[in-house]
Amino acid sequence: MTKASRSRIVLGGVCGAMLLAVNAAQAEEGAALNMLKAMTDHVSKQSSLSVKYDSDVEVVTPSLEKIQFSASGEAALSRPDKFRATRTGGYADVEIVSDGSTVTVNDRDGKRFAQVQAGVGFDKMVDKLRSDSMIEIPGADLLLSNAFEELSSGVIEGRVIGQGVVDGVECDHLAFRNLETDWQIWIERGERPLPRKYVITSKTVATAPQYTLRLRDWKSGEALSADAFRFDPPSGSKGVAITSLQLDEVPPANPQESQNAAR
């Protein structure tokens, strides 16, 4: 056998191994996306649902120290356009309510609230709050009618990591990569493929801070009354422009800002 022949055999073996590796990675990504789609299809089919959650937000200080801030809340959704969510943490106590025509953002600590037009449907409401006011509804991406398209957009790699247990519930553990973030999701195994944990890690910030959302006490199929989505201004509260509300889950970097926000 000539040297050239041996080289061709070696090269062919390397190329074959690379092709098998690529095919295996594509198959694994396909499996992960299929499991993700099963979850989003299941959630989007629920005409009404409610869930409780706990969240952790990491920030990085100028000295590159990671600090974590925690909050808890609950959400209820009656498709297509009624929604209520709360978020209570150390620096904000927030309620967001949509009766289908008006969205109210209520700063319960500051006794101030703002109201804007709801738009058409829950998806539009989420977009409007994000684009106009930089207000996020915890876990909103998981509840969208087009959640699979939103979550899978920009994915460059997906894997089935294995199994895990979240709050005593057996889950499938998936991991995905985008250009700017890595994110993971734990999905309940069995007939109810519900998201139980969701982690987003930033790759563009030093020390890679994370946002973690744990979801529990899922309920679906129960009719929710219209009163569940009605907002009655609390006594002593006042209406303000939505842009004046400071509703972040973390305190301002400047202590003076914190004093002004509390007024």
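Glu58 is buried in this predicted model, with a relative accessible area of 18%. Because the cut-off for buried is under 20%, that value puts Glu58 in the buried class. If you want to find Glu58 along the chain, look in strand β1, which covers residues 48–60.

What does the side chain of Glu58 make a polar contact with? The partner is the side chain of Lys66, at 3.5 Å. Lys66 also turns up among the residues that Glu58 touches, once those up to four places away in sequence are set aside. Ile67 and Gln68 are on that list too, and so are Ala208, Pro209 and Gln210.

Now for the nonpolar residues. In soluble globular proteins, nonpolar side chains tend to be buried together. Here the largest nonpolar core has 50 residues. Leu36, Phe122, Ile137 and Ile185 are the ones with the most contacts inside that core. Helix α1, running over residues 3–44, supplies the largest share of the core, namely five residues. There's also a second core, separate from that one, with five residues; Val166, Val169, Cys171 and Val199 are among them.

Phe122 is a handy place to look around in the largest core. Leaving out neighbours within four places in sequence, Phe122 is in contact with Leu77, Pro80, Asp81 and Phe83, and also with Ile137, Ala140, Leu143 and Leu144. Two names there come up elsewhere: Ile137 is another of the residues with the most contacts inside the core, and Pro80 has a peptide bond worth a look. The bond from Arg79 to Pro80 is cis, with omega near 10°. Pro80 itself sits in the loop between β2 (66–78) and β3 (82–89).

Which residues other than glycine have a positive phi? Met134 and Asp167 are two of them, and here they are side by side:

| Residue | Phi | Loop | Relative accessible area |
|---|---|---|---|
| Met134 | near 55° | between α2 (121–133) and α3 (140–143) | 76% |
| Asp167 | near 50° | between β7 (157–166) and β8 (169–177) | 55% |

Are these two buried or exposed? The cut-off for exposed is over 50%, so Met134, at 76%, is exposed, and Asp167, at 55%, counts as exposed too. The loop that holds Asp167 lies between β7 and β8, and Val166 and Val169 of the second core are the residues where β7 ends and β8 begins.

Definitions and conventions. Residues numbered from 1 in each chain as written. Predicted model: local features only at pLDDT ≥ 70, side-chain atom pairs only at ≥ 80, totals over all residues. Heavy atoms only, no water. Core = buried A, V, L, I, M, F, W, Y, C linked by side-chain atoms within 4.5 Å. Buried < 20%, exposed > 50% of the residue type's maximum accessible area, 1.4 Å probe, protein only. Helix = DSSP H or I, 4+ residues; strand = E, 2+ residues; numbered from the N terminus. Contact = heavy atoms within 4.5 Å. Polar contact = N/O pair within 3.5 Å; in protein donor to acceptor, adjacent residues only side chain to side chain.
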